[in-house]
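Here is a short walk through the structure shown below. Keep the 3D view open as you read, and follow the strands and helices as they come up.

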Amino acid sequence: MSTTPDLSLVGLVEAAAAVAGQPDLRAVLSTTVEMARRTTGARYAALGVIGEHGGLSDFVYVGIDPEQAARIGSLPAGKGVLGTLIRDPRPIRLDRVSDHPDSVGFPPHHPVMETFLGVPVRVGNSVYGNLYLCDKEGGFTEEDETQVLALAAIAGAAISNAKLNERLRRLALVEDRERIARDIHDGVIQDLFALGLGLQALAATLDEPEAVAKLDQAVDRLDEVIATLRNLIFDLRSLDSTRAEPRGAFRRMAERLAAGRDVDLQLSIGELGELPPDVLDDALLIAREALSNALRHGRPDTVTLQVDRRDSILTLRIEDDGAGFDPSTAPRGMGLANMEERAARTGGELRVESSPGAGTRLLALLRI
Ligand SMILES: Nc1ncnc2c1ncn2[C@@H]1O[C@H](COP(=O)(O)OP(=O)(O)O)[C@@H](O)[C@H]1O
Ligand SMILES: [Mg+2]
């Protein structure tokens, strides 16, 4: 059995990556609309945000230029077929929108649109808005519907992420870090995780290598986003307790990273005494990056974190018996460079010893 080359799937994965990468809510909405139009080949696309009173509180669109929009006047209020979709959030696909019993026609100066595809955009359990597409030559297909539904699911996760980010920015100085951390953990991370599983399941059904590779990339990217969010939660939760109790901070950080993984985590954390906050931050971040690399890239059976202090030298040893790598040729990401920089900033240094198949040993010396 072989699947025909599925270029539209590649398009979808690219669209997903574009939507997920947007920094704020506005950008998520407009990218979703643009990607929905590109993926389907529709002439017009829009996303209507449902307001408190059941109408549309916002309407983001492409395909109609500003002069034309000015002539039409007000944005759609959510009547007609748009209203149907608001009351009953299930996909609607029509060859002639005017044939739909709820159709109310178009206002003056509005282009007359024929073919129509509308799907709900959910954020968590509630309907956030609807994605509308109009005027695709030959009409929208069932495949378009599936693609736009997938895009809507991705948009939903990206919207909830963007909303949380906005709240985080606003609340950065307020004492409710624990609740935000819980929201991210229970909401966004679970959504992204489910999305990743869905993409993996989809990849398993395909033969087209290009599509599978793109999906794998998307899944890797999702894993990175999840790891970033987990770190963010860790930062939110540990800010206060870290200072008072550095040994516990190393232990909690390591346990959190290893949670849910089939790995034997061995910790040996000596007496650390009092550490200057910036050295402690550097040490925690180096240990976290090294452990995260070991777990993600090495996939080891055992990983060890050893932290010791002797006079004015703090020593971190992170060892794993995983895949190993060649430090002279490995693609150098931010991680290794950042660890090196942090160690150097204290007047210390970083040593990495590894080769393929032989695990990895990383030693960081920090000067206190
Ligand atoms: N403990 C490890 N086991 C196996 N490979 C590793 C390990 N640490 C680092 N690497 C390799 O070194 C590369 C660079 O790591 P890093 O700079 O942290 O970037 P990133 O983690 O973003 O890929 C990784 O992509 C990986 O190939
Ligand atoms: Mg890394």
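## Two sheets, a helix pair and a ligand shell

Strand β8 (residues 313-320) and strand β10 (residues 360-367) run antiparallel to each other, joined by 8 bridges. To find your place along this pair, look for Leu316, which stands opposite Ala364 in β10. Please keep in mind that this is a predicted model.

Now step back to the sheet that holds this pair. It is an open sheet of 5 strands in the order β6-β7-β8-β10-β9, with mixed pairing. At its edges stand β6 (264-269) and β9 (349-354); each has a single partner strand, so one side of each is left without a neighbour in the sheet. From one strand to the next, the twist averages 10°. Helix α8 (residues 246-258) packs on this sheet, where it touches β6 and β7 (302-310). The direction of α8 makes about 170° with that of β6. α10 packs on the sheet too, touching β9 and β10, and its direction makes about 140° with that of β9.

How do α9 and α10 pack together? Their axes are 10 Å apart and the angle between them is about 155°, which means that α9 is roughly antiparallel to α10. The crossing of these two helices is left-handed. On the α9 side, the residues that meet α10 are Asp282, Leu285, Ile286, Glu289, Ala290 and Asn293. Their counterparts in α10 are Gly335, Asn338, Met339, Arg342, Ala343 and Arg345. By class, this contact has 5 nonpolar, 3 polar and 4 charged residues.

The two helices also take part in the shell around ligand 1. Both α9 (277-298) and α10 (334-345) supply at least two residues of that shell, and α9 gives the largest share, 4 residues. Which residues come nearest to ligand 1? Of the 17 residues around the ligand, they are Asn293, His297, Gly298, Gly333 and Gly335. Two of these names are worth a second look: Asn293 and Gly335 also belong to the contact of α9 with α10. Sorted by class, the shell has 7 nonpolar, 8 polar and 2 charged residues.

Elsewhere in the chain there is another open sheet, again of 5 strands, in the order β2-β1-β5-β4-β3, and here the pairing is antiparallel. Its edge strands are β2 and β3 (92-94), each of which pairs on one side only. The twist in this sheet averages 15° from one strand to the next. Helix α4 (residues 80-87) packs on the sheet and touches β1, β3, β4 (116-123) and β5, its direction making about 145° with that of β5.

β1 takes part in two of the pairings in this sheet, one with β2 and one with β5. The table sets them beside the pair from the start of the report.

| Strand pair | Sense | Bridges | Residues facing each other |
|---|---|---|---|
| β1 (44-50) and β2 (56-62) | antiparallel | 6 bridges | Ile50 and Leu56 |
| β1 and β5 (126-134) | antiparallel | 6 bridges | Ala45 and Leu133 |
| β8 (313-320) and β10 (360-367) | antiparallel | 8 bridges | Leu316 and Ala364 |

What do β1 and β2 form? They make a hairpin, with 5 residues between the strands. In the turn, look for Gly54, which has a positive phi of about 85°.

Key
Residues numbered from 1 in each chain as written. Chains lettered and ligands numbered in written order. Predicted model: local features only at pLDDT ≥ 70, side-chain atom pairs only at ≥ 80, totals over all residues. Pairing = 2+ DSSP bridges. Near = placed C-beta within 6 Å. Nonpolar A, V, L, I, M, F, W, Y, C, P; charged D, E, K, R; others polar. Axes fitted to C-alpha atoms, helices over the stretch in contact; angles between N-to-C directions. Parallel < 35°, antiparallel > 145°, perpendicular 65-115°, else oblique. Left-handed = near helix turned anticlockwise from the far one by under 90°. Contact = placed C-beta atoms within 7 Å.
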